[in-house]
Amino acid sequence: MSLSKKWKLYVLHHSHTDIGYTERQEKLKRYHVDFIQQAIDILKAIEDGEHPEWEGFRWVCENYWQVENFLANSSAENIASFERYVQAGLIDISLNYLNMTELVDQDVLNHKLKEGRNYADRLAVPLDSAMSADINGYSWGYADALAENGIENLFSCIHTHHGMFPAGKKHNGFWWEGPSGDRVLTWVSDHYHMGNELCLVPGHGITYLLEDRFNEKAAVSDFSITEDRIYQYIGKLDSDPEYEYDFVPIMVSGMSTDNGAPNGRILERIKEWNERHGAEIQIE
């Protein structure tokens, strides 16, 4: 497929938090503590010279709730490792507290957002973004609450089976202005498992939204499927006269499920892609 420009595909490696969907709350708290620990263990292994093919691994804590539970249920040594990786930029923290209903009032919202802000300030790390997935709408006051707590950016991944895109389109960047006049730079992305749909995780590709000739094979996640799907996906954006950018961000989970563990093998696929196709579409 011929593209009109060179593209950058930004991949955000995370675990989507959905309390109650795959397990009850008390189990999921333990799962997400363990996911952060697994990310730490992967980074330590890379430092020790193991898995050089995973060099470049990054992990994003989708919300501060995950971090809050990790801090309350981990050893001092593991917390120190976590904070070292956060300060090094290898683990990122979204300052959104959870994927919240719009019914949460302003006092509670500000209280929980402030906890994440205070933690970031204590570590002296310049965290200024929030991510939220599987939520198709927010109360108008949410923009004000984010801005009030020093959160300048919101990255939102929708769920298109139960709603549609704000302003009628996905991959849309805009300034969201709250009632007070404060505003947050907002990006509405695609479904939060789009990276899995594009088969960026060996053995954990899925077909949930995309419909193509690979539907029966998608769970195998062959590299040939990755090639076809990424070129088709980027090609549609490239030919869209309303899409003015040369990049697109997507999220990916280490497993094809909500509440999924980190997976270093994503880096193997990204490196193979960049070696073969990075001159046209670079993945970072």
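Q: Which residues line the largest cavity?
A: In this predicted model, the largest cavity is lined by Asn96, Leu98, Met100, Thr101, Glu102, Val104, Leu109, Ser132, Gly137, Tyr138, Ser139 and Tyr142.

Q: And what is that lining made of, in terms of nonpolar, polar and charged residues?
A: The lining of the largest cavity divides into 6 nonpolar residues, 5 polar ones and 1 that is charged.

Q: How much space lies in the largest cavity?
A: The largest cavity holds about 80 Å³ of space, and when cavities of 30 Å³ or more are counted, the structure holds 1.

Q: Ok, pockets next. What volume does the largest pocket have?
A: The volume of the largest pocket is about 1000 Å³, and 39 residues line this pocket, with Tyr10, Val11, Leu12, Val60 and Asp92 lying nearest its centre.

Q: Which helix gives the largest share of the lining there?
A: That is helix H8, which covers residues 265-277 and contributes 5 residues to the lining of the largest pocket. Taken as a whole, the lining of the largest pocket divides into 23 nonpolar, 10 polar and 6 charged residues.

Q: What about the second largest pocket, which residues lie nearest its centre?
A: Lys170, Asp190, Tyr233, Lys236 and Leu237 lie nearest the centre of the second largest pocket, which is lined by 24 residues and has a volume of about 500 Å³.

Q: Which elements each supply at least two residues of that lining?
A: Strand E6 (172-177) and helix H7 (223-238) each do so for the second largest pocket, and H7 gives the most, with 6 residues.

Q: How many residues of that lining are charged?
A: In the second largest pocket 11 of the lining residues are charged, while 8 are nonpolar and 5 are polar.

Q: Let's go back to Tyr142 from the cavity lining. Which buried residues of H5 sit alongside Tyr142?
A: The buried residues of H5 are Gly141, Tyr142, Ala143, Asp144, Ala145 and Leu146. Helix H5, which spans residues 141-148, is mostly covered, with 6 of its 8 residues buried.

Q: What covers the buried residues of H5?
A: The cover includes helix H4 (106-123) and strand E4 (129-133), together with strand E5 (153-157), E6 and strand E7 (183-189). As for what follows along the chain, Gly150 comes just after H5 and takes a positive phi of about 70°.

Q: At what angle do H4 and H5 pack?
A: The two helices pack at an angle of about 35°, and the axes of H4 and H5 are 9 Å apart. The contact brings together Gln106, Leu109, Asn110 and Leu113 of H4 with Gly141, Tyr142, Asp144, Ala145, Leu146 and Glu148 of H5. The residues of the contact of H4 with H5 divide into 5 nonpolar, 3 polar and 2 charged.

Q: Is the crossing of H4 and H5 left-handed or right-handed?
A: The crossing of H4 and H5 is right-handed, whereas that of H2 and H4 is left-handed.

Q: How do the axes of H2 and H4 cross, at roughly what angle?
A: The axes of helix H2, which runs over residues 64-72, and H4 cross at roughly 65° and come within 10 Å. In this contact Tyr64, Val67, Glu68 and Leu71 of H2 meet Lys112, Glu115, Gly116 and Tyr119 of H4, and the residues involved divide into 4 nonpolar, 1 polar and 3 charged.

Q: Changing topic, why does Ser189 count as buried?
A: Ser189 counts as buried because its relative accessible area is 1%, which falls under the 20% cut-off for that label. Ser189 has its place in strand E7.

Q: What is Ser189 in contact with, leaving aside its neighbours within four places in sequence?
A: With those neighbours set aside, Ser189 is in contact with Phe155, Ser156, Cys157, Ile158, Lys170, His171, Pro249 and Ile250. Lys170 also appeared earlier, as one of the residues lying nearest the centre of the second largest pocket.

Q: One last serine: is Ser81 buried or exposed?
A: Ser81 counts as buried because its relative accessibility is 8%, and this residue is found in helix H3, which covers residues 76-87. Leaving aside its neighbours within four places in sequence, Ser81 is in contact with Ile40 and Lys44.

How values were computed
Residues are numbered from 1 along each chain as its sequence is written. This is a predicted model: local features need pLDDT of at least 70, side-chain atom pairs count only at pLDDT 80 or more; totals for chains, interfaces and linings use all residues. Side-chain values use heavy atoms; hydrogens and water are left out. Helices (H or I, at least four residues) and strands (E, at least two) are DSSP runs, numbered from the N terminus. Buried means under 20% relative accessible area, exposed over 50%, partly exposed in between (1.4 Å probe, protein chains only). Contact means heavy atoms within 4.5 Å. On a 1 Å grid over the protein atoms alone, a cavity is a set of points where a 1.4 Å probe fits but cannot get out, and a pocket is an open set with protein on both sides within 12 Å along at least five of seven lines; lining residues have an atom within 4 Å of a point. Grid points are joined across faces, edges and corners, and a volume is the space filled by probe spheres set on the points. Ala, Val, Leu, Ile, Met, Phe, Trp, Tyr, Cys and Pro count as nonpolar, Asp, Glu, Lys and Arg as charged, and the others, Gly among them, as polar. Axes are lines fitted to C-alpha atoms, for helices over the stretch in contact, and angles run from 0 to 180 degrees between N-to-C directions. A crossing is left-handed if the near helix is turned anticlockwise from the far one by less than a right angle, and right-handed if clockwise.
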